[in-house]
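Here is a short tour of the model on your screen, written for someone who would rather be at the bench. Keep the viewer open and follow along.

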Amino acid sequence: PSPDEPPYLRGLNAPQREAVLTTEGPVLVLAGAGTGKTAALTARLAHLLYTRKAWPSEILSVTFTNKAAREMKERVGRLVGDVVEGMPWLGTFHAIGAKMLRRHAELVGLQSNFTILDTDDQIRLLKQLIAAADLDEKRWPARQLAGLIDGWKNKGLTPDMLDAGDSELFANGRGQELYRAYQDRLRALNACDFGDLLLHMLTILKAHRDVLEQYQQRFKYIMVDEYQDTNSSQYLWLRLLAQASKNICCVGDDDQSIYSWRGAQVENILKFERDFPGAAVIRLEQNYRSTSHILAAASGVIANNAGRLGKTLFTDAGSGEKVEVIGIWDGPEEARRVGDEIEAHVRGGGSLDDTAILVRAQHQTREFEDRFIAIGLNYRIVGGFRFYERQEIRDALAYLRIVHQPADDLAFERIVNVPKRGLGDKALAKLHMLARAQGIPLTLAAARILDTDEITPQARRALGNFIGDVARWRDMANTLPHPELARQILDESGYTAMWQAERSVEASGRLENLNELVRAMEEYETLGAFLEHVSLVMDNDATAEDPKVTVMTIHAAKGLEFDTVFLVGWEEGVFPSQRALDEGGLASLEEERRLAYVAITRARRRAVIMHAANRRIYGQWTSSIPSRFIGELPGEHIVEQNSMSGGESLWRANWSERADPFASIARGTGRGPGWQRAATAGSFSASPKRVTEARASAVSLGNKGRSDISLGMRVFHQKFGYGTVAEIEGNKLEIDFEQAGRKRVMDSFVTID
Ligand code: ATP
Ligand code: MG
């Protein structure tokens with residue numbers, strides 16, 4: 001390296017330099033984790049700007065997340081100065097697609113100020129269309145259709161391009177018709193969904209040569225990070241844009257392809273060499289991230305996958321510490337142990353910011369969040385909501401709150417029509433008016449309005465059933481253990497069924513979260529104590545700048561690195577996931593293994609893998625088998641440790657069961673400490689008392705009728721018009737209406753003529 005070489009080249013190795021300096025023609029960088037692919041891509045961007053090969057607006061750079069885009073901007077900014085401020089085409093596929101589409105919206109029948117629908121809006125729209133098509137939404141759930149439509153869009157298929165087989169996947173061949181109706185409806189609303197951002201652009205680029213040529217000339221250089229996770233639609237879009245200049249550089253790692261469930265096609269790596277003949281293929285082999293034990297452990301696991309493109313990896317970072325594999329007793333102990341390790345790390349001068357806990361599924365964060373709150377350790381959840389802030393958890397909590405505390409109006413409002421009970425906006429507005437007029441809680445207003453004609457018979461029936469259910473659950477609270485109560489409420493209210501009907505990956509994640517919520521309740525003596533805990537957890541007083549440990553899924557950790565990484569829940573059925581095991585296919589198992597590879601390679605210096613001997617499932621202790629991926633870790637690169645606090649002999653008994661895999665699958669007998677506590681009948685006495693008090697206080701509110709109304713008086717009612725008061729009973733009136741005949745109404749809703 002010469003002394004006057006530009007700053008962005010300093011420290012790069014030979015193949016990285018090649019990736020940076022080969023600016024003309026197609027380039028594919030195919031390399032393992034931590035080899036500096038993203039670093040090379042960033043330097044390449046800096047190089048193009050520094051040497052004035054292109055203006056910032058002439059480079060299209062695609063990253064996988066918004067965070068990655070921000071980081072790349074910052075890094076290039078440090079390397080070449082302020083020019084990056086104007087990097088309009090650096091971002092995710094979605095962000096770039098949206099920006100482009102706004103400029104040409106009219107070509108697909110939209111206006112440039114179109115709205116981008118979120119998943120909820122999308123589902124609501126599809127529900128309407130399914131109903132309009134005379135289909136039973138129970139049989140043909142909107143979520144399922146949404147999943148299919150997303151899949152088609154990921155493949156770059158418009159409604160016209162579907163074949164009979166595609167259409168057959170929904171409502172006996174009506175998939176295409178509904179997809180078309182959905183697209184028409186979106187257009188009428190001047191809206192599109194995420195999939196449309198690229199799909200519409202594809203349509204435009206294919207149909208309008210002038211637009212295509214305009215972009216082909218504009219983008220002198222195209223760069224793509226995490227290329228192994230692009231889907232077909234993204235690939236087709238890139239191919240069109242790059243066709244003229246052919247200056248496209250993609251970096252990726254086939255071993256890190258972890259989004260096939262969202263339509264990503266690792267085959268795009270192979271297609272690249274076919275579609276861009278003569279592409280320079282560059283391999284990076286030096287890993288700069290991890291020490292050699294960590295790297296070897298990861299390589300040992302991924303070696304079990306067949307059909308890899310294959311690559312060698314080495315590191316100069318020294319051997320470092322071996323990967324720790326720690327067996328612990330159960331879930332709560334796992335969280336405790338991780339908390340202890342992190343506290344020790346901080347006492348030793350370490351920072352929270354360089355530590356992460358990686359989970360396979362979102363619901364696993366709960367145990368750690370609870371523990372960290374308890375010991376006052378700041379954490380952040382990346383790529384998702386905190387457990388108690390998730391929609392389904394808030395809904396479930398609302399059910400529990402309304403049972404525990406009848407005057408909780410916010411809870412009532414949240415779930416009175418979730419799942420849909422046929423309560424219209426009008427009925428709910430009435431309820432609100434009444435509650436406000438009489439100064440009573442909504443639950444009580446609901447009870448009072450029931451035997452009147454204020455709301456339609458349909459709404460009356462729905463509300464009656466709901467109130468009846470709530471009353472019954474309150475009674476059940478006197479006798480049932482509260483986790484069991486919660487489970488019954490979620491079942492009987494139809495809430496669980498609502499998500500089950502949706503048959504989507506997302507919905508099954510929500511169901512897992514609901515199970516986890518019930519599991520969490522088992523750790524508290526009473527429903528009241530649990531709800532108290534939740535409200536404290538919600539009140540998080542860490543500021544944005546405070547250092548925090550990161551808790552996230554492995555998927556969200558892609559491309560990131562941390563000094564210390566805790567990889568938790570490495571048990572069969574957790575990781576690899578039960579879904580992957582049930583599907584049974586080699587493909588899903590190999591994708592899980594790639595996830596394991598991604599997970600281990602996030603660590604710079606220390607990787608700790610944990611597996612629990614017991615997990616609580618539906619209130620039953622179940623003994624678990626360590627993940628097969630633990631068995632695939634090469635022995636010379638790991639240290640194993642079994643840590644047990646309490647129940648040592650049981651642990652041993654359990655461990656010896658492992659010789660016989662069938663014995664260890666058998667359900668446990670409820671011997672964990674938390675379960676015993678939950679099963680002690682005496683411990684529930686506090687909650688029913690509180691419920692009864694709350695009920696009594698609610699009933700004593702506002703029972704008196706209006707003193708300004710008397711028999712024979714002429715009054716006016718918004719819905720029924722004029723009438724004469726025939727009977728008065730507390731705050732209910734029987735009125736002979738001039739048009740509507742005799743009706744029973746609430747006194748709050750009449751005015752004196
Ligand atoms: P992943 O596959 O996980 O996305 P990657 O290949 O993109 O990894 P980077 O994140 O770019 O790898 O780099 C990994 C680490 O190595 C970073 O901390 C980066 O700063 C460092 N690094 C990259 N190249 C070099 C180099 N030539 N010399 C020293 N450190 C480097
Ligand atoms: Mg990277």
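Strand S20 (residues 721-729) and strand S21 (residues 732-737) run antiparallel and are joined by six bridges. If you would like one pair to click on, Val 725 has Ile 735 in S21 as its bridge partner. These two strands belong to an open sheet of five, ordered S22-S21-S20-S19-S23, with antiparallel pairing. Strand S22 (741-746) and strand S23 (750-752) each have a single partner strand, so one side of each is left without a neighbour in the sheet. On average, neighbouring strands of this sheet are turned by 45° against each other, direction ignored.

Now step back to the whole chain, bearing in mind that this is a predicted model. The protein chain has 31 helices and 23 strands. Of its 753 residues, 44% count as buried. Among contacts with a separation of 6 or more, 75% are between residues 24 or more positions apart.

Where do the buried nonpolar residues gather? In general, nonpolar side chains of soluble globular proteins tend to be buried together. Here the largest nonpolar core has 78 residues, and Val 29, Met 201 and Ile 222 touch the most other members. Helix H2 (residues 37-50) gives the most to this core, with eight residues. Beyond its neighbours within four places in sequence, Met 201 is in contact with Gly 97, Met 100, Leu 101 and Trp 237. A second, separate core of 57 residues includes Ile 294, Ala 335, Ala 556 and Phe 562.

Helix H2 turns up again at the ligand, where H2 supplies the largest share of the shell around ligand 1, three residues. There are 17 residues around ligand 1, and Gly 36, Lys 37, Thr 38, Ala 39 and Tyr 288 come nearest. Sorted by class, this shell has four nonpolar, nine polar and four charged residues.

Another residue to visit is Tyr 399, in helix H16 (residues 391-404). Is Tyr 399 buried or exposed? Tyr 399 counts as buried because it has 23 C-beta neighbours inside 10 Å, the cut-off for buried being 20 or more. Leaving aside neighbours within four places in sequence, its contacts are Ile 415, Ile 489, Ser 493 and Tyr 495. One of these, Ile 489, is among the buried residues of helix H21 (residues 482-492), as are His 482 and Arg 487. After H21 comes Gly 494, with a positive phi near 85°.

Finally, a look at some backbone details. Most residues other than glycine have a negative phi, and most peptide bonds are trans. The table lists exceptions to look up in the model.

| Site | Backbone feature | Place in the chain |
|---|---|---|
| Val 418 to Pro 419 | cis, omega near 0° | Pro 419: loop between H17 (409-415) and H18 (425-438) |
| Phe 575 to Pro 576 | cis, omega about 5° | Pro 576: loop between S15 (562-567) and H25 (578-583) |
| Asp 134 | positive phi, about 60° | loop between H5 (119-132) and H6 (142-154) |
| Asn 190 | positive phi, near 55° | loop between H8 (175-188) and S5 (191-192) |

As for their surroundings, Asp 134 is exposed, with 7 other C-beta atoms within 10 Å, whereas Asn 190 is partly exposed, with 14 other C-beta atoms within 10 Å.

How values were computed: Residues numbered from 1 in each chain as written. Chains lettered and ligands numbered in written order. Predicted model: local features only at pLDDT ≥ 70, side-chain atom pairs only at ≥ 80, totals over all residues. Core = buried A, V, L, I, M, F, W, Y, C linked by C-beta atoms within 7 Å. Buried ≥ 20, exposed ≤ 12 C-beta atoms within 10 Å, placed from the backbone. Helix = DSSP H or I, 4+ residues; strand = E, 2+ residues; numbered from the N terminus. Contact = placed C-beta atoms within 7 Å. Pairing = 2+ DSSP bridges. Axes fitted to C-alpha atoms, helices over the stretch in contact; angles between N-to-C directions. Near = placed C-beta within 6 Å. Nonpolar A, V, L, I, M, F, W, Y, C, P; charged D, E, K, R; others polar.
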